[in-house]
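Trainee: I have a structure open on my screen, and I would like to learn how to read it. Could you guide me through it?

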Amino acid sequence: MDNKLKMQSVNNVDENVKKIRELFPNCVTEGKDEEGKSIQIVDFDMLKQELSNYVVEGREERYQFNWPDKRNAILAANAPINKTLRPIRGESVQFENTKNLYIEGDNLEVLKLLQETYLGKIKMIYIDPPYNTGNDFLYEDDFKMTTEDFINANGQLDEDGNRLYQNTQRNGRYHTDWLNMIYPRIKLAADLLRDDGFIFISIDDNEVANLRKICDEIFGETNFVSQIMWKRKKERSNDSKNISIQGEYILIYGKSPLAILNFESLSSEYIKKSYKPATKDFPNGEWRPVPITVSKGLSGGGYEYKIVTPGGKVHNRLWAYPQKSYEKLLKEGRIYFGKDGNGVPQRVMYAADSKGQSTTNYWDDVATNKEGKKEVLELFDDAVFDTVKPTKLIEKIIDITIDNNESEFILDFFSGSATTADAVIRYNARNKTNHRFILVQLPEKVDGKKKGSSFDTICDIGKERIKRAITRLDGKYDSLNFDRGFRVLKIDGTNMKEVYYNPNQYEQTLFNDVLDNIKSDRTSEDLLFQVMLELGVLLSSKIEEEIVEGKKVFNVAAGYLMACFDKDVSEKTIEAVAKKKPYYFVMRDFSLANDNVATNFNQIFQMYSPDTIRKVL
Amino acid sequence: MSGLPKSTMMKKQIPKSAIYKKYGMDSKAREKFDNDISRIYIVNEVSTRTMIIERGLEIDSFFVVQIMLKNKKYDESNIIKITKLINQNMIFELRYEDKKSFAVYRGKLITSDWRDDESEPMKIQGLTLDEVWKQLIIQIGDIHVEPQNTLDEQIQVNDMKEKILANIKSLDRKARSERQPRKKFEMVEKINELKKELGEL
């Protein structure tokens, strides 16, 4: 049926075929899949011809970075999944009004679910993935499953609710496993970035070389921006054989050449070091004199005229500005004649007027892990996390990437203790901005041995941290109206029963089952969110509910999507919806008890809002 | 213009050729002008000299200029050109066959609907020329001036509203025909933003 929703994440292979078709329409043709269904397929022979001399095949040598199962990792990134995100009102804060999201689940799956809606929308991604130190726990993506198993795999967690295992150096697939874990995730994340967006990835010596190679592959070497050295601790210790490790790396890649970093504002230390304090003559804050003389013969430019100092001394040189511009600067009180008033004139630059400076690839004064840990201790009176990034580090990243006139998306899909959310909240409060965070975290069990921990999973810690971080700012920035909430969503198996996807495999005798193709424990709001994922609706959109003729009708994003999942929807309800002219209307199949009803509903829409796209579940 | 006392009436033609000559219009501009406009007359002079009224701070006189059109759908720029060329306060009475419409320039051309000759005359309201002038503009543009706004502010607000509404309309048309949900949603978000902006005006 044409108007039936897919209720499945995007199939990236389909998207790739579409891209090929856009570039080489003659290379995409029609064929049949294993089940004999017509599909679009790529004619490789034709594509090869189009690319003639630029094709490498088989065992020919080439520059490449490879590891076992890389192909499967690509398949894993592309395969669609039958999963959904369920809203959890009870754990959210200000569910109705907030634009922030906290998503619990395997980030590979979450990134897939976000593909349709958040494609090309994220301005900045920061992640702090496992460094593969030998003690990390990795996600176990089972590549051995067939695609179909993969799609329908529920219950991939072990008895403890974990899908994790410890990757030790004794493991024969030490780097392989880590690469297979990180590759599909970064590949999916890259699609979410805007053309002027950036990804920042924290990493240390263990995998920095490999990570850089795969990022070169995913983003393109030309979009490499920097490999920042960040000083994560000030002390020296003999924790490594030859070297005391004080630093780690932050890899930066832009999505395209359009990604340009902001200048950093001048640090107070730099101002202290390089600027003079305000004086009677130069009262507008810290300032420094800048020469305006031009050396002869160097550039060939410059203007020659006499300047007489207030003390009466005459300087006849080659100046950088024409006389008129100089006189204007003098009038504005922006010329300095030295301490005795007879020196060679210099231009006065105020710190406040500075555009700032480019950031460097050496961050030794940002804040250390120790401060990160202290921040968590202040909130929890308890070391709920061993290593935590300091919020100042993330705030610095926000500062050099984000346009404060916009309301931008910041994504962290290895969010751990939720430092990124804390940093976004602080940044918004301080700068009166409205940037939005999307955090993703697998609900890993908190190590039971950790003393005094009253938290069950890392997500519980993360959510609690965000709540406390918001409360802590109360009073401090009372007058400001920053977003004090977040919507919690949890990944779960699709809302639909198997019959929804493969109706042909079910016999007519199972009529009852066919009638109710939705799992019994799912609410209408669960259904709404799965529909939102498919119809490109931001998950933070405003959701209004109203009762029309006794039926609950959702109105999402002020009339973009209206939906009613109740039984026995009447013509009156349909009429009320149609009059509001939504862009999409979604209802349950069983309301269309017979063809007559379906025809009636269609007629009502034809009359009031023929453009409304109608879909059924 | 009906509604004004007889003492203000006059009938003096402004020959088009005089306009072309005085303002050095080239043949292309002339042709464009001539396509719409057949004849131009000054039909009223309103000032302390022609009727009993106090002069205002801004306005000490204005003229009613009758323009005989060749097309009902005329190019506004031709009328605007007259206002730019003749440095006077003017109300235009545009005539096409047996219908008329009024126009006045105030940052943009404000026009009334087309009406019959027998329709109700414009009301001359106010004790000063400033007020009379202002009331005429309000009548021509059918402008509802909110208490917090001056007339010019209101014209500006209405202008912005019109632009936003046109923007919403064209976006809505695009959004409804867009097949990709994500792009569709982006457009609707933009529409909702514009609607919010509209509400804040």
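Trainee: Let me start with the overview: how many helices and strands does the secondary structure of chain A come to?

Mentor: Keep in mind that this is a predicted model. The secondary structure of chain A consists of 18 helices and 24 strands.

Trainee: What percentage of the 617 residues of chain A count as buried?

Mentor: Buried residues make up 48% of the 617 in chain A. As for the outside, chain A has an accessible surface of about 31700 Å², and 47% of that belongs to carbon and sulfur atoms.

Trainee: And what share of the contacts in chain A with a separation of 6 or more comes from residues 24 or more positions apart?

Mentor: Their share is 71% of those contacts.

Trainee: Now a single helix. How far apart are the end C-alpha atoms of helix α6 of chain A, and what span should its residues give?

Mentor: The idea is to allow 1.5 Å a residue and compare. Helix α6 of chain A, residues 174–192, has 19 residues and should span 27 Å; its end C-alpha atoms are 29 Å apart, which agrees.

Trainee: Why is α6(A) described as largely enclosed by the rest of the structure?

Mentor: Count its buried residues: 16 of the 19 residues of α6(A) are buried, so the helix is largely enclosed.

Trainee: Chain B has a helix α6 too. What does it reach from its first C-alpha to its last?

Mentor: Helix α6 of chain B (residues 181–200) reaches 29 Å with its 20 residues, close to the expected 28 Å. Its buried residues include Phe185(B), Met187(B), Val188(B), Ile191(B) and Leu194(B). Among the elements covering the buried residues are α4 (107–118) and α16 (524–534) of chain A, as well as α5 (151–177) of chain B.

Trainee: Let us zoom in on Thr494(A). Is it buried or exposed?

Mentor: A residue is called buried under 20% relative accessible area. Thr494(A) has 6%, so it is buried. You will find Thr494(A) in the loop between β19 (487–493) and α14 (498–501) of chain A. Setting aside residues up to four places away in sequence, Thr494(A) touches several others, including Met7(A), Asn82(A), Tyr501(A) and Arg522(A).

Trainee: Why does Thr471(A) count as partly exposed?

Mentor: Partly exposed lies between buried, under 20%, and exposed, over 50%. Thr471(A) counts as partly exposed because its relative accessibility is 47%. Thr471(A) sits in helix α13 (residues 458–473) of chain A. Between Thr471(A) and Arg484(A) there are 8.5 Å in space, C-alpha to C-alpha, and they are 13 residues apart in sequence.

Trainee: What should I know about the sign of phi?

Mentor: Most residues other than glycine have a negative phi. Gln94(A) is not a glycine, yet its phi is positive, about 50 degrees. Asn132(A) also has a positive phi, near 60 degrees.

Trainee: Where are these two found?

Mentor: Gln94(A) lies in the loop between β3 (83–87) and β4 (101–104) of chain A, and Asn132(A) in the loop between β5 (122–127) and β6 (137–139). Gln94(A) is partly exposed at 43% relative accessibility, whereas Asn132(A) is buried at 0%.

Trainee: Last one: how many cavities of 30 Å³ or more does the structure hold?

Mentor: There are two. The second largest has about 30 Å³ of space. Its lining includes Ser2(B), Phe102(B), Arg115(B) and Met122(B). By class, the residues lining the second largest cavity are three nonpolar, two polar and three charged.

Technical notes:
Residues are numbered from 1 along each chain as its sequence is written. Chains are lettered from A and ligands numbered from 1 in the order in which they are written. This is a predicted model: local features need pLDDT of at least 70, side-chain atom pairs count only at pLDDT 80 or more; totals for chains, interfaces and linings use all residues. Side-chain values use heavy atoms; hydrogens and water are left out. Helices (H or I, at least four residues) and strands (E, at least two) are DSSP runs, numbered from the N terminus. Buried means under 20% relative accessible area, exposed over 50%, partly exposed in between (1.4 Å probe, protein chains only). Contact means heavy atoms within 4.5 Å. Accessible areas come from the Shrake-Rupley method with a 1.4 Å probe; for residues, only the protein chains shown count as cover. The expected span of a helix is 1.5 Å times one less than its number of residues. On a 1 Å grid over the protein atoms alone, a cavity is a set of points where a 1.4 Å probe fits but cannot get out, and a pocket is an open set with protein on both sides within 12 Å along at least five of seven lines; lining residues have an atom within 4 Å of a point. Grid points are joined across faces, edges and corners, and a volume is the space filled by probe spheres set on the points. Ala, Val, Leu, Ile, Met, Phe, Trp, Tyr, Cys and Pro count as nonpolar, Asp, Glu, Lys and Arg as charged, and the others, Gly among them, as polar.
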